[in-house]
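Visitor: Could you take me on a close look at the active site of this protein? I am new to this, so please go step by step.

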Amino acid sequence: MSEAKFDFGLIGLGVMGKNFILNVADNGFSAIGYDLDQEKVDALKRESQNGMASATTDKLQFIRSLKTPRKVMFLVPSGAPVDSVIDDLMPFLDKGDLLIDGGNSYFLDTERRVTKLKNSEINFLGLGISGGAKGARKGPSMMAGGDNDVYELISPILESVSAKVNDEPCVARVGDNSAGHYVKMVHNGIEYGLMQLIAETYDLAKFGLGLSNKEQAELFSGFNEGKLKSYLIEITADIFTKKDDLSPKDLIDVISDRAKQKGTGKWISQNAMDIGIPIPAIDSSVSMRVLSSFKEERQKAALVYPKSQSDPSRFTKTDLEKALYFSFIVTFAQGMRQLLEASSKYQYGLDLAEIAKIWRGGCIIRAELLEHIREAFSDSSNKEHLLFDAYIISEIKELLPSVNRVISVAHNAGIAVSGMSASLNYFNAFRSEKLPLNLIQAQRDYFGGHTYERLDKPGIFHTEWED
């Protein structure tokens, strides 16, 4: 392959980059990788079984080895490293070449880069990729943002390497400009929410039902055979069966409860506030990861405020399954509503049915529920909110008694269920014809003269509240 021109180039041969380029090569496209680390270059060469992939530490060789228009993806940390790679490549690129940012970039950074590169006549795509290292190797879900004719330059490769559901590729151009990275941001926010909900279910099963790790594995395996069938539920069941290599314990019991984050959850919460969309289930998951880091303070508080000795086991496994499913639905609903609002605000032209479709396979949040979400937004009569879909309405009504019971018992027992509680509170507020916020409007006008609106006549009003 040394004399041939390559179809595709990739910068950054870490685990994701190496797996993605091998996936490209497995699907019949020649590919060359670039990395300054000779060991990573050598590793890729060793693992390329069919000779379709190569790698180099020589930037000029990398650029000159690509067919024109060049198609160069980079998988590097978000922020300054992305700008550095682009600036480093610019002197060697020609008009019409394509750069693809496949990392977890903040969508406003992507928006800025789109403008910059359009002025330079270099094509650019922001590509959200989900599926982790295994997905990169075997088929991820991908969300592209940019011009349609630019997407067409790379779509044959992306469709070949993507996950497939019913032979349909889990990749699409979801919208213009930074739409791909925006959709990936919301995907990650939903991921945060689902993971928190599963963690709460584990806590409830452990302390509320007294289940052992073996029984937890059986519980989640059972969940995965029903309406909760999903990648995250599947791997959760596996986690409970893993033994620790360094002790006789189960691995789950020796892992710290300080949860890490890379910031993408914070991005969605900040943006939701910016555009005026409530996503409390997702917000609470971000807050819980932050709270988990205060380990010493939590240990001290546990001594100062011991939990009640009341028996928490007043719900069943079926109740727990239904409460988790209810919360899954509401979390997805909040994320989809944010996408709808963002589509209008940023003029993305998002198709929520298409997004649900490409999330069905390859990505971390893939779940059976997404097929129902795809159907819900394919229905031209419902483009407003997932909770107005007929199927979802029937499901929610059937699930409500169980979620109310589980959350009530959890609160009485002192078991933290912030994600489930936020989901139920969101739903209860959403279905309230009248909220008590008329009092807040009165308060604002009382202390700040901020005015208010009336129910009985149009206009803006102010009252002198004090004599």
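Guide: Let us begin with one side chain and its contacts: leaving out residues up to four places away in sequence, Glu-191 touches Ile-364 and Ile-365. Please keep in mind that this is a predicted model. Glu-191 is found in helix H8, and with a relative accessibility of 16% it counts as buried, because buried means under 20%.

Why start there? In an unreviewed entry, UniProt gives the annotation "active site" to Lys-184 and Glu-191. From this set, Lys-184 is also part of the lining of the largest cavity. Lys-184 has its place in helix H8, and its relative accessibility of 5% makes it buried. Setting aside neighbours within four places in sequence, the contacts of Lys-184 are Asn-104, Gly-128, Ile-129, Ser-130 and Met-143.

Now let us look at that cavity. In the whole structure, a search finds one cavity of 30 Å³ or more, and the largest cavity holds about 40 Å³ of space. Its lining is made by Asn-104, Ser-105, His-181, Lys-184, Met-185, Asn-188, Thr-264 and Trp-267. Two elements, helix H8 (179-208) and helix H11 (264-275), give two or more residues to this lining. H8 gives the most, with four residues. Sorted by class, the lining of the largest cavity has two nonpolar, five polar and one charged residues.

The next stop is an open space, the second largest pocket, which has a volume of about 810 Å³. It is lined by 30 residues, and those closest to its centre are Met-16, Asn-104, Lys-184, Asn-188 and Lys-262. So here you meet Lys-184 again, among the residues closest to the centre of this pocket. Helix H1 (15-26), S6, helix H6 (132-138), H8 and H11 each give two or more residues to the lining of the second largest pocket. H8 has the largest share, with six residues. By class, this lining divides into eleven nonpolar, 14 polar and five charged residues.

Where does this pocket sit in the chain as a whole? The protein chain is divided into domain 1 (8-176), domain 2 (185-431) and domain 3 (435-466). The second largest pocket lies between domain 1 and domain 2, because both give residues to its lining.

One of the contacts of Lys-184 deserves a visit of its own: Ser-130. Ser-130 is in strand S6 (residues 123-130) and is buried, at 3% relative accessibility. Apart from its neighbours within four places in sequence, Ser-130 is in contact with Pro-140, Ser-141, Met-143, Lys-184, His-187, Gly-362, Cys-363 and Ile-364. Ile-364 is a name you have already met, as one of the residues that Glu-191 touches.

Ser-130 also leads us to another annotation. For "binding site", UniProt (unreviewed entry) lists Asn-104, Ser-130, Gly-131, Gly-132, His-187, Asn-188, Tyr-192, Lys-262, Arg-289, Arg-444 and His-450. These positions do not all gather at one spot, because they span 347 residues in sequence and their farthest two C-alpha atoms are 48.8 Å apart. From this set, Asn-104 and Asn-188 belong to the lining of the largest cavity.

His-450, another member of the list, makes a useful contrast with Ser-130. His-450 lies in the segment after helix H19 (437-448) and is partly exposed, with a relative accessible area of 39%. Not counting residues up to four places away in sequence, His-450 touches Arg-444 and Asp-445. As for the domains, the centres of domain 1 and domain 3, taken over C-alpha atoms, are separated by 54 Å.

Before we finish, follow helix H8 to one more space. The largest pocket holds about 1900 Å³. Among the 44 residues of its lining, Ala-199, Tyr-202, Ser-256, Asp-257 and Ala-259 are closest to its centre. H8, helix H10 (231-239), helix H12 (280-292) and helix H13 (295-304) each supply at least two residues of this lining. H8 gives the most here too, with ten residues. By class, the lining of the largest pocket has 24 nonpolar, eight polar and twelve charged residues.

So what should you take away? Helix H8 is a good thread to follow: it holds Lys-184 and Glu-191, and it gives the most to the linings of the largest cavity, the second largest pocket and the largest pocket.

Key:
Residues are numbered from 1 along each chain as its sequence is written. This is a predicted model: local features need pLDDT of at least 70, side-chain atom pairs count only at pLDDT 80 or more; totals for chains, interfaces and linings use all residues. Side-chain values use heavy atoms; hydrogens and water are left out. On a 1 Å grid over the protein atoms alone, a cavity is a set of points where a 1.4 Å probe fits but cannot get out, and a pocket is an open set with protein on both sides within 12 Å along at least five of seven lines; lining residues have an atom within 4 Å of a point. Grid points are joined across faces, edges and corners, and a volume is the space filled by probe spheres set on the points. Ala, Val, Leu, Ile, Met, Phe, Trp, Tyr, Cys and Pro count as nonpolar, Asp, Glu, Lys and Arg as charged, and the others, Gly among them, as polar. Domain bounds come from an automatic or database domain assignment. UniProt positions are given in the numbering used here, feature names are shortened, and annotations may be inferred rather than shown by experiment. Buried means under 20% relative accessible area, exposed over 50%, partly exposed in between (1.4 Å probe, protein chains only). Contact means heavy atoms within 4.5 Å.
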